[in-house]
Amino acid sequence: MSNLICDAQPIECPGREHCPARQEYPLRSSILGEGLQIQRALPHRERRLVGPWCFLDHFGPVPSTGPRMINVAPHPHIGLQTVTWLFGGEIHHLDSLGFDQLIRPGQLNLMTAGRGVAHSEESTSPTGAMMHGVQLWVALPGPMRQHEPAFEHHASVPKFTIDDVDIQLFAGELAEHHSPAHFWSQIVGAELRARKDTELSLPVYPEHEHALLLIDGHARDPKGGLSHDQLLVIGAGTDCIPLQMDAGTRLILIGGEPLDEDIVIWWNFVARTAEEIEQAREAWQHGEFGQVDGYQGEPMTAPPLEGRPRAGR
Ligand code: MN
């Protein structure tokens, strides 16, 4: 997806920002196009990163108004990996590398932008089918930022069950399971779904920061209930996240080692300086990211950019 809630100024995201032991951050909500609700969890003005995860949008659930309800025209990315994970619906990905891939729930699309890639995403779900998913970005560590772009589709990801919670691991490591997808940092990303009312003790790496996003149902930790409109962030220093989950409850878990670099985010770019952002914007406007063959329509125009970064969003 593209960053559809974009301000004119880049957002500065300091690495190794102090992360409290437990803090909730309200989501920012927008309605786009044909009634698609997007709730932005990251970046938040007081919590820009969780490990190397720098972007988390939750979209839907919403009944499809027909194919191309979601129609994200070709747009560029640099310096990040995009993770598309669906709970409902189907999305068709096309990119400037020539990949043409349909994604369904339980499957992973991972695009490594490296020094630059362009892609489009269009829903193909028929009228009435539920569109629901998350889009995440991982900031690439410095040495990987000039990497060749790449795209991976995984038709399934590791699945296992802990304390009656079914877990699908789409990124990194959890409970001695490993995702086959290629990430460049110590990371975790997973969907958790309770089979029945249960108490989960989730083993995690104490050097990682984590966050939980409630997708459906009801869950609570020892300090209180999780809310549908807040991201719960848990700082490093714990090796177990205890959760009570009602039957059918679904959560997204993300986490990882705190990023050791300061980054700047604007539109669909993750960089280190405002100058790099301006250069990437110019390169896109001059057609230097390559063609997305097969897409019916015009590529996106970059939004206006004010050069001076600001803290927060
Ligand atoms: Mn995108």
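A: Let's start with a term: a salt bridge is a side-chain nitrogen of Lys or Arg within 4 Å of a carboxyl oxygen of Asp or Glu. Keep in mind that the model above is predicted.

Q: What is the general idea behind such a pair?
A: Side chains of opposite charge can pair when their charged atoms come close. A good case to look at here is R272 with E261, whose side chains meet in a salt bridge at 3.1 Å, N to O.

Q: Where do R272 and E261 lie?
A: R272 is in the loop between strand 26 (269-271) and helix 1 (274-285), while E261 is in the loop between strand 24 (250-256) and strand 25 (263-266), so the pair ties together parts 11 residues apart in sequence.

Q: Is R272 buried or exposed?
A: R272 is buried, at a relative accessible area of 16%, because buried means under 20%. Its partner E261 is partly exposed, at 24%.

Q: How many salt bridges are there by this rule?
A: The count comes to 14. Another one joins D221 and R22, with their closest N and O atoms 2.8 Å apart. D221 sits in strand 20 (residues 219-221) and R22 in strand 2 (residues 22-26), so this pair ties together parts that are 199 residues apart in sequence. D221 is buried, at 11% relative accessible area, and R22 is partly exposed, at 23%.

Q: Which residues are linked with D221 in a network of salt bridges?
A: Look for R22 and E24: together with D221 they form that network.

Notes. Residues are numbered from 1 along each chain as its sequence is written. This is a predicted model: local features need pLDDT of at least 70, side-chain atom pairs count only at pLDDT 80 or more; totals for chains, interfaces and linings use all residues. Side-chain values use heavy atoms; hydrogens and water are left out. Helices (H or I, at least four residues) and strands (E, at least two) are DSSP runs, numbered from the N terminus. Buried means under 20% relative accessible area, exposed over 50%, partly exposed in between (1.4 Å probe, protein chains only).
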